[in-house]
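Visitor: Could you walk me through this one? I have a few things to ask.

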Amino acid sequence: MSIHNPSTDTENHLPLVVGVDLGGTQMRTAVLRGATLLSRVSSLTGEQSSPDLVIPRLFQAVEQALEEAKVSLEQIAGIGICAPGPLNYRTGVICAPPNLPEWDQVPMRDIFSERFQVPIFVENDANAAGLGEYMFGAGRGTRHMVYLTISTGIGGGIITDGQILEGTFGTAGELGHMTINWRGERCNCGNIGCLESITSGTAIARHANAAIADGQGDELLAFARAQGQAAPDQSSTTLRVTARTVAEAAEAGIPLACAIIDEAAEALGIGLVNILHIFNPEIVILGGGVAQMGARLLDPAKRLVEERTMRVPREAARIVLAELGPNVGLVGAGALIYHYQNIEK
């Protein structure tokens, strides 16, 4: 989906901000006014992703984004940084995220404050994305909202009475790690049967490739080869399929792919039932690449919500797709400045 383009009438009064979206694969930086990007700098994080190597590149990206937007540091209200958790939003310290090796106890806020003398805020990437959707996307006008991103992994951002639900250490909202099947497989987090271990893009691809390795996926593999979507496995001479290939094969009616997507959809439905019962939100916003699968994934999940959710929370909530598209992390990072400095949109 393309990035939401809100009316400039609601954004013109907002100050300029810088958003930094640090991920295990890519890092992006932008100058923004609300959800409008004035510049955007993007690069791969790279295999050499230690703080000593990455942080200087982030500094350069901020300065390049300012230069491309033709604004000075003095013209911006602050820098918002979103990064994988766990992290402590109060202190701005990143605490050993699984997909950023060597980033253990990195005082990101203090490091950026030394380089740029402006307010700096650091937040979990899913929380920031949820805040972006709350302020400028599908969550506008609500007070109680849940954002669920279904991508390589599954994360959540919860807004309750207009505030991000953080928890004691900032790790609240790990919705991808709610237990769906207590007798299921072990998740990377150490738990058993997490939603992420069933419905994430990584899980969908893993289940498909395990079936192929067991000799059950000839039709799926033939489909992938015909589409030119079977990628070589770096660890062997075999071919591997992606979650996107599995989704397209399910649309084509290939039984193995249908079964994998059906299982992912059922797990998502159970997760949504849990979310409605626990948080009683006005809206649940589904983002991330896997959610873009559309009806093949979402219709069975919504049917399960209708069947299993208590009437009051079910009737109170809407389940919709996110609006901000691939720049949601940048918009959310920038939104941290407005949120924590109480700047009304």
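What follows is a short round of questions and answers.

Visitor: Before we start, what kind of model is this?

Guide: Residues are numbered from 1 along each chain as its sequence is written, and side-chain values use heavy atoms, with hydrogens and water left out. Local features need pLDDT of at least 70 and side-chain atom pairs count only at pLDDT 80 or more, while totals for chains, interfaces and linings use all residues, since what you have here is a predicted model.

Visitor: At what angle do the axes of H5 and H8 cross?

Guide: Helices (H or I, at least four residues) and strands (E, at least two) are DSSP runs, numbered from the N terminus. Axes are lines fitted to C-alpha atoms, for helices over the stretch in contact, with angles running from 0 to 180 degrees between N-to-C directions. H5 covers residues 201-213 and H8 residues 255-279; their axes come within 10 Å, and the crossing angle is roughly 145°.

Visitor: Which residues of H8 does H5 meet?

Guide: Contact means heavy atoms within 4.5 Å. From H5 come Ile204, His207, Ala208 and Ala211, and their partners in H8 are Leu256, Ile260, Ile261, Glu263 and Ala264.

Visitor: What span should H5 have, and what do its end C-alpha atoms show?

Guide: The expected span of a helix is 1.5 Å times one less than its number of residues. H5 has 13 residues, so it should span 18 Å, and that agrees with the separation of its end C-alpha atoms, 18 Å.

Visitor: Which element gives the most residues to the largest nonpolar core?

Guide: A nonpolar core is a set of buried Ala, Val, Leu, Ile, Met, Phe, Trp, Tyr and Cys residues joined through side-chain atoms within 4.5 Å. Buried means under 20% relative accessible area, exposed over 50%, partly exposed in between (1.4 Å probe, protein chains only). This core has 51 residues, and Leu148, Ile204, Leu220 and Leu272 have the most contacts inside it. With 14 residues, the top contributor is H8.

Visitor: Is Ile285 buried or exposed?

Guide: Ile285 belongs to strand S14. Its contacts, leaving out residues up to four places away in sequence, include Glu133, Met145, Leu148 and Val320. Its relative accessible area is 0%, so Ile285 counts as buried.

Visitor: And Asp299: how far apart are its C-alpha atom and that of Gly137?

Guide: Asp299 sits in helix H9, and its relative accessibility of 38% is why it counts as partly exposed. Asp299 and Gly137 are 162 residues apart along the chain, and their C-alpha atoms are separated by 22 Å.

Visitor: Which residues does the cis peptide bond with omega of about 5° join?

Guide: Most residues other than glycine have a negative phi, and most peptide bonds are trans. For this cis bond, look in the loop between strand S4 (76-83) and strand S5 (87-88), where Pro86 is placed. With omega about 5°, the two residues joined are Gly85 and Pro86.

Visitor: What is the phi of Lys70, and where is that residue?

Guide: Lys70 is exposed because its relative accessibility is 73%. Its place is the loop between helix H1 (51-69) and S4, and its phi is positive, near 60°.

Visitor: Last one: in which strand is Gln105 found?

Guide: Gln105 has a positive phi too, near 60°. At 51% relative accessibility, Gln105 counts as exposed. The strand, residues 104-107, is S7.
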